[in-house]
Amino acid sequence: LVSGLTVISGGLFDGNAGTVDFNSDFSITGGTFDGNSSVVSLVGNFSQSGGTFNSPTGVFTVEGSSFSRTAGTFNHNGGTVVINSTISGQTVTMSGTITFNVLEITAGAGTNSNRILNFNAGLTTATLNLNASAKLFSYQGNISITSALLINGTSTGNPNASNTGVFTLS
């Protein structure tokens, strides 16, 4: 368990093959984070403004409201990135140019109120898995999906935010 804000600004952080838990925000500005075959969990926001982030080949879970890449190299490495939206009424904003293998967005604990998913320009994923657990999702921004779109358990109610998102399937 890594406590407090984690900033990687140089060197190498090697996740090896274990479990790596961060209990706050994670930022990489330089150096390299190598997830290898570890399972990585982040209770906070993810930001990359430099360096190299090599996602684990397994599961990388983020329980925050922001996933941002403005610079540096983001290598997804074939695993699954899970954005777990646990806060009712939460807006999850994903920004920057990011390519995922599998992106899964879940509506975890919390009431059945709306979650807003804001996909800013530049996002691509082979598979997008939306798992709402009978909660409402509102979609904003654009995302390109190159293989599969899976929608599980979304509510049929009217979301309390506008749906202006565009899913491009190719």
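1. Let's begin with a word you will need throughout: a residue is called buried when its relative accessible area is under 20%, exposed when that area is over 50%, and partly exposed in between. Please keep in mind that the model here is a predicted one. With that in hand, look at strand 2, residues 19-22. Val20 and Phe22 make up its covered face, while Thr19 and Asp21 make up the uncovered one. There is a general pattern behind this: side chains in a regular strand alternate between the two faces of the sheet.

2. Which strand does strand 2 pair with? Its partner is strand 4, residues 39-42, and the two run parallel. Four bridges join them. If you would like to find one of these on screen, start from Val20, whose bridge partner in strand 4 is Val40.

3. Now step back to the whole chain. How many helices and how many strands does it hold? The chain has zero helices and 13 strands, so its pattern along the sequence is simply β-β-β-β-β-β-β-β-β-β-β-β-β. The radius of gyration is 15 Å, close to the 15 Å that the globule rule gives for 170 residues, so the chain is as compact as a globular protein of that length. Along its principal axes, the C-alpha trace spans about 50 × 35 × 25 Å.

4. Two percentages help to describe how the chain is put together. Of its 170 residues, 42% count as buried. Taking the contacts between residues at least 6 apart in sequence, 30% join residues that are at least 24 apart.

5. Aromatic rings deserve a careful look, as the structure holds 21 aromatic pairs. One of them is formed by Phe22 and Phe26: their ring centres are 5.1 Å apart and their planes meet at 65°, which makes the pair edge-to-face. Both of these residues are buried. They also belong to one aromatic cluster, together with Phe13, Phe33, Phe46, Phe53, Phe60, Phe67, Phe74 and Phe100.

6. Some of those names come back in the largest nonpolar core, which has 33 residues. The members that touch the most other members are Phe26, Phe60, Phe67, Ile83, Met94, Phe100 and Leu103. Take Phe60 as an example: leaving aside neighbours within four places in sequence, Phe60 is in contact with Val40, Leu42, Phe46, Phe53, Ser55, Phe67, Thr80, Val81 and Val82. Notice Val40 in that list; you met Val40 above as the bridge partner of Val20. As a general background, nonpolar side chains tend to be buried together in soluble globular proteins.

7. Is His76 buried or exposed? This residue is found in the loop between strand 7 (66-75) and strand 8 (80-85), and its relative accessibility is 6%, so His76 counts as buried. Its side chain reaches the backbone oxygen of Gly79 at 3.4 Å. Not counting residues up to four places away in sequence, His76 touches Ser55, Pro56, Val81, Thr99, Phe100, Asn101 and Val102.

8. Two asparagines are worth checking for their backbone angles. Most residues other than glycine have a negative phi. Asn36, in the loop between strand 3 (26-34) and strand 4, has a positive phi of about 45°. Asn77, in the loop between strand 7 and strand 8, has a positive phi of about 65°. Asn36 is partly exposed at 29% relative accessibility, and Asn77 is partly exposed at 39%.

9. What does the side chain of Asn129 contact? Asn129 sits in strand 11, residues 115-131, and counts as buried because its relative accessibility is 14%. Its side chain makes a polar contact of 3.0 Å with the side chain of Asn152. Beyond residues up to four places away in sequence, Asn129 touches Leu103, Glu104, Ile105, Leu150 and Asn152.

10. Finally, turn to Asn163, in the loop between strand 12 (137-152) and strand 13 (166-169). Asn163 is partly exposed, with a relative accessible area of 45%. A polar atom of its side chain lies 2.7 Å from the backbone nitrogen of Tyr139. Apart from neighbours within four places in sequence, Asn163 is in contact with Phe137, Ser138 and Tyr139. The C-alpha atoms of Asn163 and Asn118 are separated by 9.8 Å, and these two residues are 45 residues apart along the chain.

Note on methods: Residues numbered from 1 in each chain as written. Predicted model: local features only at pLDDT ≥ 70, side-chain atom pairs only at ≥ 80, totals over all residues. Heavy atoms only, no water. Buried < 20%, exposed > 50% of the residue type's maximum accessible area, 1.4 Å probe, protein only. Pairing = 2+ DSSP bridges. Phe/Tyr/Trp six-rings, centres within 6.5 Å; stacked < 30°, edge-to-face > 60°. Polar contact = N/O pair within 3.5 Å; in protein donor to acceptor, adjacent residues only side chain to side chain. Contact = heavy atoms within 4.5 Å. Core = buried A, V, L, I, M, F, W, Y, C linked by side-chain atoms within 4.5 Å. Rg over C-alpha atoms; globule rule 2.2 N^0.38 Å.
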